[in-house]
Amino acid sequence: MTTATEKQENHVTTGATVWLTGLPSAGKTTIAYELAGRLREEGHLVEVLDGDEIREFISAGLGFSREDRHTNVQRIGFVAELLARNGVKALVPVIAPYTDSRDAVRKRHDTNGTAYLEVHVATPVEVCSERDVKGLYAKQAAGELTGLTGVDDPYEVPESPDLRIESQNQTVQESAAAVYALLSERGLV
């Protein structure tokens, strides 16, 4: 039988935040969960901070104005940095459409000496609308939804992310492996 001490010793406790930004249905969450599984198998402490879950529980009541989106991203960034500084790999698949919001999250991490990697899941809007995992693009096309990021609301593409993934050109496993390779290159796995 494994004791609590032995379990703790098997955990790898180098924390980091991996922020996966991109359009709705780009593949951010799918890649995050694939990577989480691999990291957990290796003994890493991992949390996936899914944008939809955060909106339901931590950012309930916020809308989709620029100010509300900024507030949402800052809340997620705070939680991610807190987890990462305490030895957890925080995987954050969140649209985060504005550069200044993402930069503020990076700055929080830098200020606290916490590893932060920005991954742009650069799936073209045409591919995202075909995937349409949540039916958002169909609702927007039918006039039932406005403010869809990348369609009728802005998405500011990261100029120099730590990694850019074109998920339409590779499998989920290959995308997750690319993020894992980046973590490895930075000494975080």
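## Salt bridge exercises

Arg-102 and Glu-118 are both buried (buried is under 20% relative accessible area, exposed is over 50%, and partly exposed falls in between, using a 1.4 Å probe and protein chains only). Keep in mind that this is a predicted model, where local features need pLDDT of at least 70, side-chain atom pairs count only at pLDDT 80 or more, and totals for chains, interfaces and linings use all residues. Residues are numbered from 1 along each chain as its sequence is written, and side-chain values use heavy atoms, with hydrogens and water left out.

**Exercise 1.** Work out how Arg-102 and Glu-118 are paired and which parts of the chain they tie together.

*Solution.* Start with the general idea: side chains of opposite charge can pair when their charged atoms come close. The term to apply is salt bridge, a side-chain nitrogen of Lys or Arg within 4 Å of a carboxyl oxygen of Asp or Glu. Now check the distance: the closest N and O atoms of Arg-102 and Glu-118 are 3.3 Å apart, and the two form a salt bridge. Next, place them: Arg-102 sits in helix H5 (residues 99-112) and Glu-118 in strand E4 (residues 116-121), so the pair ties together parts 16 residues apart in sequence. Helices (H or I, at least four residues) and strands (E, at least two) are DSSP runs, numbered from the N terminus.

**Exercise 2.** Find the salt-bridge partner of Arg-66 and say where each of the two lies.

*Solution.* The partner is Glu-156, with the closest N and O atoms 3.8 Å apart. This pair links distant parts of the chain, 90 residues apart: Arg-66 is in helix H4 (residues 66-85), while Glu-156 is in the loop between helix H7 (136-141) and strand E5 (163-165). Then look at exposure: Arg-66 is partly exposed at 41% relative accessible area, and Glu-156 is partly exposed too, at 29%.

**Exercise 3.** Trace the network that includes Asp-162 and Arg-186.

*Solution.* First, the pair itself: Asp-162 and Arg-186 form a salt bridge, their closest N and O atoms being 3.2 Å apart. Asp-162 lies in the loop between H7 and E5, and Arg-186 in the segment after helix H8 (172-185), so parts 24 residues apart in sequence are tied together. Both ends are partly exposed: Asp-162 has 23% relative accessibility and Arg-186 has 38%. Finally, widen the view: salt bridges with shared partners join Arg-106, Asp-162, Glu-185 and Arg-186 into one network.
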